Amino acid sequence: MGLLSRRESEEIYRLNEPVGEGIMKHLHIARGIELVYSELESYNPSYQDERKDVDALEIMYIVDGHGEFELHNRQVVSGEKGDVMIFNSKSAVKKALLGKSGMNCISIILFTDDTISYLNTFLESSDFCSSNFFYDIRKNDSVPVFSCSPLLEKLFLETIRLPQAYSRHTVKLSVIHILILLIQKFKEKDSGEFRPGKGNSGKGRYEREDSYFSGSSGRKVQNARRIINANLDKEISIEELADKVNLNRTSLQKVFKEMYGLTVNEYRTKARLQLAKNLLVSTDLSITEIAGRSGYANSSKFSQVFKKNEGMLPKDWRK
């Protein structure tokens with residue numbers, strides 16, 4: 001993965017083959033708890049030869065799109081917009097097939113022992129232990145999937161709200177609230193609410209119980225990023241980009257910077273250089289050809305930008 005930006009405990013990566021295509025925003029919440037927001041166009045989990053034998057969970061909320069996952073035990077599990085899926089180390093994903101428009105999701109990554117310790121310390125309690133912390137899910141090789149309740153949906157979306165004063169604290173509290181609600185939900189497993197999947201499907205269903213990225217502007221900015229990535233060899237002005245996604249220039253620039261930590265032009269430069277580095281490593285194309293594919297009119301300008309950002313010329317980086 002290529003690092004696009006880093007600030008405080010937040011990092012933004014661009015995914016490249018063999019991992020997949022898309023962008024991933026990582027935020028450290030606390031010891032044992034990580035938050036990842038992903039906009040995936042494709043994802044290939046099999047690039048990892050083995051999954052480490054750790055006691056961990058991934059709680060995934062699908063913000064938009066659809067995903068179908070084949071597990072190592074040959075079970076198949078799928079989720080769509082509004083669903084929550086919980087993966088553990090045993091239910092390692094072998095293949096992932098995303099919908100035509102990809103998939104946007106929020107994942108809370110939990111390392112069991114550290115998370116339990118943190119919750120007890122943070123909440124000044126001794127209520128949390130291994131036996132009541134998603135115990136059945138951690139020991140099972142299936143993946144529960146359920147429709148998100150309105151409250152859970154609101155809390156998940158709180159974690160990707162545009163930054164404001166004290167937003168890091170708000171995000172942390174939202175994540176902890178999500179965990180407590182889900183722990184409570186699965187502690188009541190004897191209520192008969194959970195219906196495990198049968199046959200070759202690892203999907204167990206739970207029935208539904210009883211501003212964010214500026215709403216539509218956030219989706220328009222996500223679309224702008226996709227347009228940039230699909231046209232790295234072209235010079236699309238910010239005005240043209242704003243027009244394509246039906247957003248005014250000022251809003252596009254402001255929301256883009258808030259969402260990705262980079263200006264539109266900074267992001268495009270980073271993405272172009274990442275493409276160039278991939279081509280330098282994996283092809284025998286000349287520097288001039290790579291410059292063209294990366295959106296630079298000539299190799300001189302390309303080399304100048306590359307050296308400014310990477311500290312050396314493209315030919316030296318290739319060596």
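**Notebook: rings, cores and charges**

I began with a single ring: Phe-302 counts as buried, at 0% relative accessibility. A reminder to myself before going on: this is a predicted model.

**Entry 1, aromatic pairs**

I looked up the ring that Phe-302 pairs with, and it belongs to Tyr-296. The two centres are 5.6 Å apart and the planes stand at 45 degrees, so I noted the pair as tilted. Tyr-296 is buried too, with a relative accessible area of 10%. I then checked for a charge over this ring and found Arg-272 over the face of Tyr-296, at 5.5 Å from the ring centre.

How many aromatic pairs does the count come to? I got 10. One of them joins Phe-133 and Phe-134, and I wrote this pair down as edge-to-face, with 5.0 Å centre to centre and 80 degrees between the planes. Phe-133 and Phe-134 are both buried. I followed these rings outward and arrived at one aromatic cluster, made of Phe-133, Phe-134, Phe-146 and Phe-186. Phe-146 has a charge of its own to note: Lys-185 lies over its face, 4.9 Å from the ring centre.

**Entry 2, the nonpolar cores**

Next I turned to the largest nonpolar core, which has 37 residues. Which of its members touch the most other members? My list reads Ile-59, Ile-108, Leu-110, Phe-134 and Phe-156. I was pleased to meet Phe-134 again, since it also sits in the aromatic cluster.

I then asked which elements supply at least two residues each to this core. The strands are β3 (20–30), β4 (33–43), β5 (56–71), β7 (83–88) and β8 (93–111). The helices are α1 (112–122), α3 (150–158) and α4 (167–187). The largest share comes from α4, with eight residues.

I picked Ile-108 for a closer look at its contacts, leaving out residues up to four places away in sequence. Ile-108 touches Ile-33, Glu-34 and Leu-35, then Leu-57, Glu-58 and Ile-59, and also Phe-156, Val-175, Ile-178 and Leu-179. I made a separate note that another core, of 24 residues, lies apart from the largest one, and that Leu-4, Leu-162, Leu-252 and Val-255 are among its members.

**Entry 3, helix α3**

Phe-156 had come up twice, so I went through its helix for burial. In α3 I found Leu-152, Leu-155, Phe-156, Leu-157 and Glu-158 buried. What covers the buried residues of α3? The cover includes the strands β5, β7, β8 and β9 (143–147), together with helix α4.

**Entry 4, cysteines**

I searched for disulfides and the structure holds zero. I still looked at two cysteines. Cys-105 counts as buried at 2% relative accessibility, while Cys-129 is partly exposed, with a relative accessible area of 31%.

**Entry 5, salt bridges**

The count comes to 12 salt bridges. I went through three of them with both partners in view.

Asp-114 pairs with Arg-31, and their closest N and O atoms are 3.4 Å apart. This salt bridge links distant parts of the chain, with Asp-114 in helix α1 and Arg-31 in the loop between β3 and β4, 83 residues apart. Are the partners buried or exposed? Asp-114 is partly exposed, at a relative accessible area of 29%, and Arg-31 is exposed, at 62%.

Asp-55 forms a salt bridge with Arg-138, with 3.1 Å between the closest N and O atoms. Asp-55 lies in the loop between β4 and β5 and Arg-138 in helix α2 (residues 135–139), so the pair ties together parts that are 83 residues apart in sequence. Here I found Asp-55 partly exposed, with a relative accessible area of 32%, and Arg-138 buried, with 5%.

My last single pair was Glu-310 with Lys-277, whose closest N and O atoms are 3.4 Å apart. It joins two helices: Glu-310 is in α10 (residues 299–310) and Lys-277 in α8 (residues 264–282), 33 residues apart. Glu-310 counts as partly exposed at 27% relative accessibility. Lys-277, at 16%, counts as buried because the cut-off for that is under 20%.

I closed the page with a network: salt bridges that share partners join Glu-39, Glu-41 and Arg-225.

Note on methods:
Residues are numbered from 1 along each chain as its sequence is written. This is a predicted model: local features need pLDDT of at least 70, side-chain atom pairs count only at pLDDT 80 or more; totals for chains, interfaces and linings use all residues. Side-chain values use heavy atoms; hydrogens and water are left out. Rings of Phe, Tyr and Trp (its six-membered ring) pair if their centres lie within 6.5 Å; planes under 30 degrees apart count as stacked, over 60 as edge-to-face and the rest as tilted. Buried means under 20% relative accessible area, exposed over 50%, partly exposed in between (1.4 Å probe, protein chains only). A charge sits over a ring if NZ of Lys or CZ of Arg is within 6 Å of the ring centre and within 35 degrees of the ring normal. A nonpolar core is a set of buried Ala, Val, Leu, Ile, Met, Phe, Trp, Tyr and Cys residues joined through side-chain atoms within 4.5 Å. Helices (H or I, at least four residues) and strands (E, at least two) are DSSP runs, numbered from the N terminus. Contact means heavy atoms within 4.5 Å. A disulfide is a pair of cysteine sulfur atoms within 2.5 Å. A salt bridge is a side-chain nitrogen of Lys or Arg within 4 Å of a carboxyl oxygen of Asp or Glu.
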